Structures are given as structure tokens and as C-alpha cells.
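Visitor: Could you take me through one part of this protein slowly? I'm new to this, so a close look at how its charged side chains pair up would be great.

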Amino acid sequence: MQKLGKGIMYALIVIVSLFIMIPLLFTVIGSFANYWGSSLFASGWTLKWYREVFHYYGATILFTLVIAVSTVIINVLLGTMTAYQFSKTNSRWMMIMEEILTLPIAVPGVAIALALIQTYAPLREAGWLILLGHVIVTFPLIFRTVLGTLRTKNFKALDESAATLGAGPFYRFFYVILPSIKSAVLSGAMLVFLLSLGEFNMTFFLYTPLKVTLPVGLYEAYSSLRIEIGSAYTVVFLVIAVPLMFILHKLNQSSTYTRGGG
């Protein structure tokens, strides 16, 4: 009976995996087809769609990476330092603030985009609103990740011990606390990068013709019925995202992180 249960469980895992993987596999194969019609390779295979992706969307890919990396840098600094301050107090007001800072992840991207446009309209043309929106939406990811790690161990005592030895706030943060939670910070940074890389709902309302991100460009490629280019575009996106997801998985499995971020 136990073997039967295991067999059913493995069968379900295989079915669900195939259900997810098969569409992606067809997309990868379709990116090499000369024409994606009733038969994928009836008119041969080609690499020209990849050349067209980098020719027409090279600037888009570069802009997306700049936005994602900038978002990570800003949120690593803001999110980690904010979590550090929150971990040192149990004030009721700080608990309320903690919930407010987590709100952006629950608010629809459309609502955030419209609020940003109404408030900071002059920043839209140069693409700054996209960066600002990505920082706001991804901030809770690193904030919650680091704060959770700081609360698993008695970092407050470590911080107070360093303070009694004469270490200032910045020295304690950068040379005592940060090295102890580096796995959590790196894990949060990866999450921020991945979410920023694939963010579409909010960015769709913030982009301009000259400032387009990779998911918006992907939508335009598919909506203009350029399925082969859209498929090649998707593969480029996966080539960037999948290795990062693998690294994130390894980080979450690391014994250092599971033992409390030491």
C-alpha cells in the first residue's frame, strides 16, 4: 500500500512537470523553426529569429538588465538596512510600519503604476518611473527575507556586544551583521532580480516607445503575430532567468542559510 502511494505521488509529479515543461519545450523548438505553422519544421530551421531579436530588441534587453541590476543594488541597501533597524525593536508602531512596507507586493501593479504616473509624471519619459516602480514592488522580498533571518538568531545581542566594544552603527552593520546574514541578502537579491526581470503588469503602464523592458517587448512580439521572434525572445529570457533560479535554489539549500544565515 505504501509503495502504491509513492507510485501515485511520483506519477503526479511527472504529470505536473510535463504539463509545465511541454509548452516551454515547444517554444524553444519553435524559436528555431523557419515558419511555425501546422508543422514546425516543414520549411526548415533557422537562427535568423535570434539575430532579429538582438537586432531589434538588443537595446530592450540591455535596458531591462540595467533596471534589474539597479533595482537589486538599491533594494539590497534599503531593504537590508531597514530590516536591520526593524529587527532591533518590538515597538507596536514599528510592527504596523512593517506591514505597510510589505503592502506593495499585495497591491495590483496597475494601481501602483497609475499612482506613480499621477505623482511623478515628469520622470516617465526618461524611464525613471520604471526603476522607481520596480524598487517599490520588489522591496518587500528582500526586506522580509533579511528580517526573517535576523529574527531567527539573537543578532540583537551580537549587535549590542559590538556596541559595548565601541563599534559605531555603520561599522556594526557592515562588519558584524552583514557578513553574518550574507546568504539571506544574496537570496533576497536573487528574488528581487528575478521579479524585476519578469515584471509586466506595472511596467506595461509605465513604458514609453524608447524605454521598453523585456516582458513588454515579448508581449509586443507575440501580439504582432511574430510567433517565431516571440519564441526566440522567450528563450533569451529563459537563458537569463533559469541559471539565476538554479543559484537561488542552491542558496536555499545551503546549510549556512538553513542554520540561520551565519
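**Charged pairs, close up**

Guide: Let's start with Asp-159, which is buried, with a relative accessible area of just 4%. Keep in mind that this is a predicted model. Asp-159 has a partner: it forms a salt bridge with Arg-172, and their closest N and O atoms are 2.9 Å apart. Asp-159 sits in helix 6 (residues 155-164) and Arg-172 in helix 7 (residues 169-180), so this pair ties together parts that are 13 residues apart in sequence. Arg-172 is buried too, at 11% relative accessible area. Why can such pairs form at all? Side chains of opposite charge can pair when their charged atoms come close.

Now hop over to Glu-98. Buried or exposed? Glu-98 is buried, with a relative accessible area of 2%. Its side chain meets that of Arg-144 in a salt bridge, 2.6 Å from N to O. That pair links distant parts of the chain: Glu-98 belongs to helix 3 (residues 92-102) and Arg-144 to helix 5 (residues 128-152), 46 residues apart. Unlike a buried residue, Arg-144 counts as partly exposed, at 32% relative accessibility.

Glu-98 has another salt bridge as well, this time with Arg-151, where the closest N and O atoms are 2.9 Å apart. Arg-151 is in helix 5 and Glu-98 in helix 3, so here the parts being tied together are 53 residues apart in sequence. Arg-151 is partly exposed, at 41% relative accessibility. Put Glu-99 into the picture and you get a network of salt bridges linking Glu-98, Glu-99, Arg-144 and Arg-151. Across the whole structure, a search finds four salt bridges.

For contrast, look at Glu-199, in the loop between helix 8 (182-198) and helix 9 (203-206). Glu-199 is buried yet has no salt bridge, and the nearest side chain of opposite charge, Arg-124, is 12 Å away. What does lie by its side chain? One polar atom there is 3.2 Å from the backbone nitrogen of Met-202. Leaving out neighbours within four places in sequence, Glu-199 is in contact with His-134, Thr-213 and Pro-215.

One last stop: the domain assignment gives domain 1 (1-45) and domain 2 (51-258). How many salt bridges are there between domain 1 and domain 2? The count is zero. The area buried between these two domains is about 590 Å², and carbon and sulfur atoms give 74% of that.

How values were computed: Residues are numbered from 1 along each chain as its sequence is written. This is a predicted model: local features need pLDDT of at least 70, side-chain atom pairs count only at pLDDT 80 or more; totals for chains, interfaces and linings use all residues. Side-chain values use heavy atoms; hydrogens and water are left out. Helices (H or I, at least four residues) and strands (E, at least two) are DSSP runs, numbered from the N terminus. Buried means under 20% relative accessible area, exposed over 50%, partly exposed in between (1.4 Å probe, protein chains only). Lys and Arg count as positive and Asp and Glu as negative; His and the chain ends are not counted. A polar contact is a pair of N or O atoms within 3.5 Å; within protein, one must be able to donate a hydrogen and the other to accept it, and residues adjacent in sequence count only if both atoms are side-chain atoms. Contact means heavy atoms within 4.5 Å. Domain bounds come from an automatic or database domain assignment. Buried area is the accessible area (1.4 Å probe) that two parts lose on being put together, summed over both.
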